Amino acid sequence: MKNIDSNTHVRGESIYVDDIPVRQGTLYACAYDSKIAHGTITKLDVSAAEQFPGVVRVLTYKDIPGINEIGGIIKDEPLLAEKEVHFQGMPIALVLAETDEIAREAVHLVKVEIEEHHPIVDPREAHEKGQLIIPTRTFKLGETENAWSKCDHVLEGTAETAGQEHLYIETQGAYAYPTENGSIRISSSTQGPTSVQKTAAWVLGVPMHKIEVDVTRLGGGFGGKEDQATAWGVFTALGAYLTKKPVKYVLDRMEDMRMTGKRNPYVSDFKIGISKDYKILAYEATYFQNAGAAADLSPAIMERTLFHSTNSYFVPNVTATAHSCRTNIPPNTAFRGFGGPQAMFVIEAAIAKAAEELGVAPSVIQKANLLQKEDEFPYGQLAGGNEAVDSWVRAENLYNIEQLRKEVTDFNSKNKLFKKGLAFMPICFGISFTKTDMNQARALVHIYQDGSVGISTAAVEMGQGVNTKMVQVAAHFLGISPSRIKIESTNTTRVANTSPSAASATADLNGKAVSIACNALVKRLKSSAIKKLGLSASCSIELKEELVVIDGKKSDLGWEELVMSAFLDRVALTENGHYSTPTIHFDKAKEKGHPFAYHVFGTAITCVTVDCLRGRYEFDYVKVAHDYGSSMNEIVDRGQTEGGIVQGIGWMTLEELMYNKQGRLMSNALSTYKIPDIYSVPKELEIDFLNTNNSDNMAIFKSKAVGEPPLMYGIGAYFAIRDAVRAFNPSANPPYYAPFTPEKVLMALYEGQTATSRVLKDVAVGRK
Ligand code: LUZ
Ligand code: MOS
């Protein structure tokens, strides 16, 4: 089934926040944000801005009727700065004006004086100074201390990954208007409608029932709107509450890049111990997470880093320690993978380092340590299946690895100035919110008297195709055509207390809720059919292809007639389905449990060609065997996989977020922050659907979650480039730092004099 939004997307008719028809009297908001990363506000004067023609009001923290707080996990983040500023981009005042242009102009008239303090940008410095968001956590399996002496090789190193800008095409924004009795309705571009509702309620000092949050769809989220859509939603609610006018605020691209948090950068230390037959006997990692100026989701992200410290490998002795470090950059947040990719890069770096030391390809070590069914993760859960090995073997066989290797070797022996590199990237990603209580969802299903169906769930459509999957689920269980089914906006008055659409779990959780509601309705409709047709209650009855089927035979009773007669019999044609993931639990005191419903596995083979004169590179292919369980929608799932891979490659190669020592974002526009385009995606993207068994109880239609896992295949890009660089310059040992930009590749290619002089000599004599 095709994505149900494809027609309106292609015609430009899909509705986003900025497309909502504007109501009369709408005001436009714009925040004045701090130009200083760390300091004390000594003067705040908004009078000139307030007197600017067209400005209606300028708000500061003093105008907040409730609590000046937007922190989700920890209440450590004011909506508007009071005495201190903690990052460049921190909102200090909010201008409300008659037009967007006036609001943005008047912002410059806000006068703020700040006494500057030393800003911290580096997470290690924050750690040394005791600036931690939460206490340090450690996951342990076996005893690393005793294991080192048993290893034939022990290697240590550091690895570092920069942040990543979400770059959703639709920037952050919201539109709010007052309804009766001090209530507010907010249209928000958020992954978490309940977060916006809850936070707006406490900022306004009203009960949650006064706030209604509605989401039609997002032009991309990628985690950037799991928590960080909240501030903008709350700003519009605050403005609407205080002025009794509709208030709209949609950020422009540079405001969004400057003021919002991104993927957490990490700096990490590792130590790996290997036996002579390439078994990883011990692994130690210490992660310094750059959380930014407030907790946001960083504590949960740090937890997922620990869960994924060993990627898809079994290591009998593990000590993984994570520090969440408070720095003076915008609070970092969820980003596809949620701390998992950062951890996986570190163990892949450790394996690469060991392989380079031992003179083998990293894949030799990778393959020798893949998880098997009974293997235990450092957090106590078992792998539960052999998909790590199966996907690896499948990729090797399907894509003929010997042939691929030969092509690379042949090419490299024939070419001096271009070199190819190859890398394997196996992945393992745990599905469920790591916070057990978040793994719940609800669906409200109405069958209207004409037989059409309207469904509300907690799922937010952000381009990932979740609404399409919800239609599939309902059509299947009701036995009707998808054309009868409409997915309504996500709205907190129809589906309450929602978890954000995140953690790759949205289709699972909400699909299960839809199936539960539909099954309850079907049960009632079957009773109606039995009554109407005068059947015995013991006959077997099904709803299939819009007909009542009795003992395997189609009857004349169709869906519309059945629905109408049930309605006339006063049968309830509305149902609320509730699902919560069974089995899962986690004990934080012991750091052990069974946090995930299941794991997603897969293996990617990446090949790159590096231009050794310029440092540029092109990806020849990424060939994947991906574990989809039993995919419920191959078109949607392929789209997610391709998008994830390209986004992961971008993180590893081009996208360099740079903050200077003053905490100022230097790559603050699309001229300095490069994301993958049509020229930088792999020339070939081959994806094999490894159909595996998944529990029906844990995933909708046994279809495994697909949102985040494929991003981590992108990590192979770094190691493929590294392989090519070393084919050109065997003594190159560039830092394990991503992104591996062309500049950094060029430096690695010419590390040490030998290589430089050799190439220059070759070039001089005109050899290729
Ligand atoms: N969000 C969250 C997530 O709140 N908890 C999670 O475990 C998670 N995992 C992945 C992506 N977002
Ligand atoms: Mo996400 S990183 O699943 O919002």
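Start at ligand 1: the residues of its shell divide into 5 nonpolar, 1 polar and 3 charged. Keep in mind that this is a predicted model.

**Stop 1: the ligand shell**

Select ligand 1 and display its surroundings. Glu226, Arg304, Phe338, Phe433, Thr434, Met438, Ala502, Ala503 and Glu708 surround the ligand. Now look for the short distances. The side chain of Glu226 has an N or O atom 2.7 Å from an oxygen atom of ligand 1. Next, pick Arg304. Here a nitrogen atom of the ligand is 2.9 Å from an N or O atom of the Arg304 side chain. Then turn to Thr434. A polar backbone atom of Thr434 is 2.9 Å from an oxygen atom of ligand 1. How much of ligand 1 does the protein bury? Taken alone, ligand 1 exposes 290 Å², and the protein buries 96% of that.

**Stop 2: helix α9**

Stay with Arg304 and select residues 298-307. This is helix α9, and 10 of its 10 residues are buried. Arg304 is one of the buried residues in α9. Its neighbours in sequence, Glu303 and Thr305, are buried in α9 too. Colour the ends of the helix as well: Ser298 and Phe307 are buried.

**Stop 3: an open sheet**

Select β16, β27, β28 and β29. These 4 strands form an open sheet, in the order β16-β27-β28-β29, with mixed pairing. Which strands stand at the edges? They are β16 (418-431) and β29 (684-691). Each has a single partner strand, so one side of each is left without a neighbour in the sheet. From one strand to the next, the twist averages 15°.

Zoom in on β16 and on strand β27, residues 598-611. The two run antiparallel and are joined by 14 bridges. For one pair to label, take Ala423: its bridge partner in β27 is Thr606.

**Stop 4: strand β5 and its partners**

Move to residues 91-97. This is strand β5, which is mostly covered: 7 of its 7 residues are buried. Add strand β1, residues 27-33. It runs antiparallel to β5, with 6 bridges joining them. Now add strand β3, residues 55-59. This strand is also antiparallel to β5, joined to it by 4 bridges.

Label Leu94 in β5. Ala31 stands opposite Leu94. Leu59 has Leu94 as its bridge partner in β5. In general, strands of a sheet pair through backbone hydrogen bonds, either parallel or antiparallel.

**Stop 5: Leu562**

Select residues 559-568 to show helix α16, and pick Leu562 within it. Is Leu562 buried or exposed? Its relative accessible area is 1%, so Leu562 is buried. Then show Glu546 and draw a C-alpha to C-alpha distance. Leu562 and Glu546 are 9.6 Å apart in space and 16 residues apart in sequence.

**Stop 6: Glu656**

Finish in the loop between α17 (634-653) and β29, where Glu656 is found. The strand at the far end of this loop, β29, stands at an edge of the sheet from Stop 3. With a relative accessible area of 14%, Glu656 is buried. The cut-off for buried is under 20%. Which side chain makes a polar contact with the side chain of Glu656? Show Tyr737: the contact runs from side chain to side chain, at 3.0 Å.

Note on methods:
Residues are numbered from 1 along each chain as its sequence is written. Chains are lettered from A and ligands numbered from 1 in the order in which they are written. This is a predicted model: local features need pLDDT of at least 70, side-chain atom pairs count only at pLDDT 80 or more; totals for chains, interfaces and linings use all residues. Side-chain values use heavy atoms; hydrogens and water are left out. A residue is near a molecule or strand if one of its heavy atoms lies within 4 Å of it. A polar contact is a pair of N or O atoms within 3.5 Å; within protein, one must be able to donate a hydrogen and the other to accept it, and residues adjacent in sequence count only if both atoms are side-chain atoms. Accessible areas come from the Shrake-Rupley method with a 1.4 Å probe; for residues, only the protein chains shown count as cover. Ala, Val, Leu, Ile, Met, Phe, Trp, Tyr, Cys and Pro count as nonpolar, Asp, Glu, Lys and Arg as charged, and the others, Gly among them, as polar. Two strands pair if DSSP finds at least two bridges between them. Axes are lines fitted to C-alpha atoms, for helices over the stretch in contact, and angles run from 0 to 180 degrees between N-to-C directions. Buried means under 20% relative accessible area, exposed over 50%, partly exposed in between (1.4 Å probe, protein chains only).
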